[in-house]
Amino acid sequence: MSEYVLDWYQWNYRPQDVKRPDWFKAWPGKARLAVTIKLMHEWESVPRPAGRRGLPSDSAQKVDYRALCTREYGFKAGVWRVMDMLDRQGVKATVMVSGLAAELWPESVRELKKRGHEIATHQFDQAKHPPAFKSKEEEREALLKSMAAIEKAAGERPYGYMSPGP
């Protein structure tokens with residue numbers, strides 16, 4: 001890495017020795033470690049290519065059905081299998097739900113909430129990430145739309161938010 005990169009790279013401003021705060025004495029129940037389970041339950045209006053092999057730009061077929069099917073599996077089977085597995089282990093997760101997923105697959109969001117998982121929002125449409133918004137207001141409206149869709153599906157407002165990334 002060049003010296004120029006090291007001059008501005010943000011890691012230089014982060015603590016190098018991570019310490020527990022003074023108030024921390026032990027994890028509940030004498031646990032040796034804590035684990036956070038975070039599930040992504042999201043949908044994109046325009047699916048990105050599945051894996052590294054998307055359709056060539058000059059393809060006669062313009063809809064990438066492989067990418068679409070990969071994503072649909074998560075809603076039709078995957079999330080249900082994950083919920084069953086978490087239930088067997090007695091584990092709860094935080095689920096990052098996009099508003100579009102909540103609109104298209106509300107039964108999965110209802111079931112996640114019913115089984116005791118925490119529901120958070122992950123913006124509205126995974127095809128549009130925050131850097132693509134033209135204003136704060138546009139981003140805010142998309143977030144409010146997401147929250148409303150999740151509230152309608154889950155019966156209550158989401159607890160948290162995780163910004164999607166490119």
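W43 and F75 are both buried in this structure, which is a predicted model. With centres 5.4 Å apart and planes at 70 degrees, their rings pass the 60-degree cut-off, so W43 and F75 make an edge-to-face pair. W43 sits in the loop between β1 and α2, while F75 belongs to helix α2, so the contact ties together parts that lie 32 residues apart in sequence. The aromatic pairs come to five by the rule used here. Elsewhere, W23, F24 and W27 gather into one aromatic cluster. There is also a charge over a ring: K145 lies over the face of F124, at 4.3 Å from the ring centre.

Now for the strand that leads into that loop. In a regular strand, side chains alternate between the two faces of the sheet. Strand β1, residues 38-41, has L39 and H41 on a covered face, with K38 and M40 on an uncovered one. β1 runs parallel to strand β2 (residues 94-97), and four bridges join the two. Within this pairing, L39 stands opposite V95 of β2.

F75 and strand β1 turn up again at the largest pocket, which holds about 270 Å³ of space. Its lining takes in 16 residues, and M40, H41, E42, G74 and F75 are those nearest the centre. Both β1 and α2 (65-89) supply at least two lining residues each, but α2 gives the most, with six. As for chemistry, the lining of this pocket is a mix of eight nonpolar, four polar and four charged residues.

How values were computed. Residues numbered from 1 in each chain as written. Predicted model: local features only at pLDDT ≥ 70, side-chain atom pairs only at ≥ 80, totals over all residues. Heavy atoms only, no water. Buried < 20%, exposed > 50% of the residue type's maximum accessible area, 1.4 Å probe, protein only. Pairing = 2+ DSSP bridges. 1 Å grid on protein atoms, 1.4 Å probe; cavity = no way out; pocket = protein on both sides within 12 Å on 5 of 7 lines; lining within 4 Å. Points joined across faces, edges and corners; volume = space filled by probe spheres on them. Nonpolar A, V, L, I, M, F, W, Y, C, P; charged D, E, K, R; others polar. Phe/Tyr/Trp six-rings, centres within 6.5 Å; stacked < 30°, edge-to-face > 60°. Lys NZ or Arg CZ within 6 Å of the ring centre and 35° of its normal.
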